[in-house]
Structures are given as C-alpha cells and as structure tokens.
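Please open the structure in your viewer and keep the selection tool at hand. We will go from stop to stop, and at each one you will be told what to select and what is there.

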Amino acid sequence: MSIVNVHEAKTHLSRLIEALVSGREKEITIARNGVPAVTMTAAKAERKPRVFGLGKGKYTLVEDFDRDDELIARMFEGEADE
C-alpha cells in the first residue's frame with residue numbers, strides 16, 4: 001500500500017491508476033495534510049463475452065426492401081429525377 005499526498009495524486013493520477021490496474025499496487029491511499037483521506041483500488045470489471053446471433057430469426061424484411069437501391073444511388077450521385 002502506498003500513501004501519496006493530494007498534490008502528488010493530482011500530478012501523477014495516470015501513473016497511480018496504471019499501478020493499480022497493472023497490479024503493481026493493490027491500493028493507494030491519498031492523504032490530506034498527512035492524514036489519510038481516501039483509498040483507491042482497481043475496479044473489478046468483468047466483461048461478458050459477446051454472443052453473436054441472438055437476434056437471428058427474430059426479424060424479417062419486406063420482400064421489396066431493396067427496391068429503391070438504384071434510385072438512392074442515383075440521388076447520391078446527383079442524377080435522380082425528382
């Protein structure tokens with residue numbers, strides 16, 4: 001456990017966070033006028049793995065969904081007749 005003063009914590013916040021995230025430090029105490037005020041620890045962020053295909057079969061498109069593709073392409077090119 002490390003103890004740093006507020007000024008040092010403000011100046012080196014990125015380094016302190018990296019020390020916690022990397023595991024070099026388990027916790028860091030920030031002191032105000034030599035008196036411990038707060039203790040920082042790394043958050044335990046657990047990411048769930050992505051699952052692809054959850055919506056498969058739940059949604060349908062109308063048969064003529066892409067009927068305007070050519071018109072839209074011409075509009076982007078500035079060739080469409082309105």
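In which strand does T29 lie? Select T29 and you will find that this residue lies in strand β2; keep in mind throughout the tour that the model is a predicted one. With a relative accessibility of 5%, T29 counts as buried, because buried means under 20% relative accessible area. Now add T39 to the selection, and look at the two side chains, which are joined by a polar contact of 3.4 Å. If you set aside residues up to four places away in sequence, T29 touches M1, S2, I3, V4, P36, V38 and T39.

Next, select M40, which is found in strand β3. Leaving aside neighbours within four places in sequence, M40 is in contact with several residues, among them L16 and L20, and also with K26, E27, I28 and I30. If you then pick L13, you can check that M40 and L13 are 27 residues apart in sequence, while their C-alpha atoms are 11 Å apart in space.

Two of those contacts, L16 and L20, lead to the next stop, for together with A19 they are the buried residues of helix α2, which covers residues 13-22. Turn the view until you look down the axis of α2: the buried residues fall within an arc of 95°, so they line one face of the helix. The buried residues of α2 pack against β1 (2-5), α1 (6-11), β2 (27-32) and β3 (35-41). On the other side of α2, select S14, R15 and V21, which are exposed. Just after the helix comes G23, whose phi is positive, near 95°.

Now move to D64, R67 and D68, and show their side chains. Side chains of opposite charge can pair when their charged atoms come close. D64 and R67 meet in a salt bridge of 2.9 Å, N to O, and R67 forms another with D68, where the closest N and O atoms are 3.1 Å apart. Because these salt bridges share partners, D64, R67 and D68 are joined into one network. R67 counts as exposed, at 58% relative accessibility, whereas D64 is partly exposed at 39% and D68 is partly exposed at 32%.

For the last stop, select L71, which lies in helix α3 (residues 69-77) and is partly exposed, with a relative accessible area of 32%. Add I72, M75 and F76, and you will see a nonpolar patch on the surface, formed by these residues and L71, with about 440 Å² of accessible area together.

How values were computed:
Residues numbered from 1 in each chain as written. Predicted model: local features only at pLDDT ≥ 70, side-chain atom pairs only at ≥ 80, totals over all residues. Heavy atoms only, no water. Buried < 20%, exposed > 50% of the residue type's maximum accessible area, 1.4 Å probe, protein only. Helix = DSSP H or I, 4+ residues; strand = E, 2+ residues; numbered from the N terminus. Arc of directions from axis to C-beta. Contact = heavy atoms within 4.5 Å. Patch = residues over 30% accessible without salt bridge, like charges linked within 9 Å, V, L, I, M, F, W, Y side chains within 5 Å. Areas by Shrake-Rupley, 256 points an atom, 1.4 Å probe, with all protein chains shown as cover. Salt bridge = Lys/Arg side-chain N within 4 Å of Asp/Glu carboxyl O. Polar contact = N/O pair within 3.5 Å; in protein donor to acceptor, adjacent residues only side chain to side chain.
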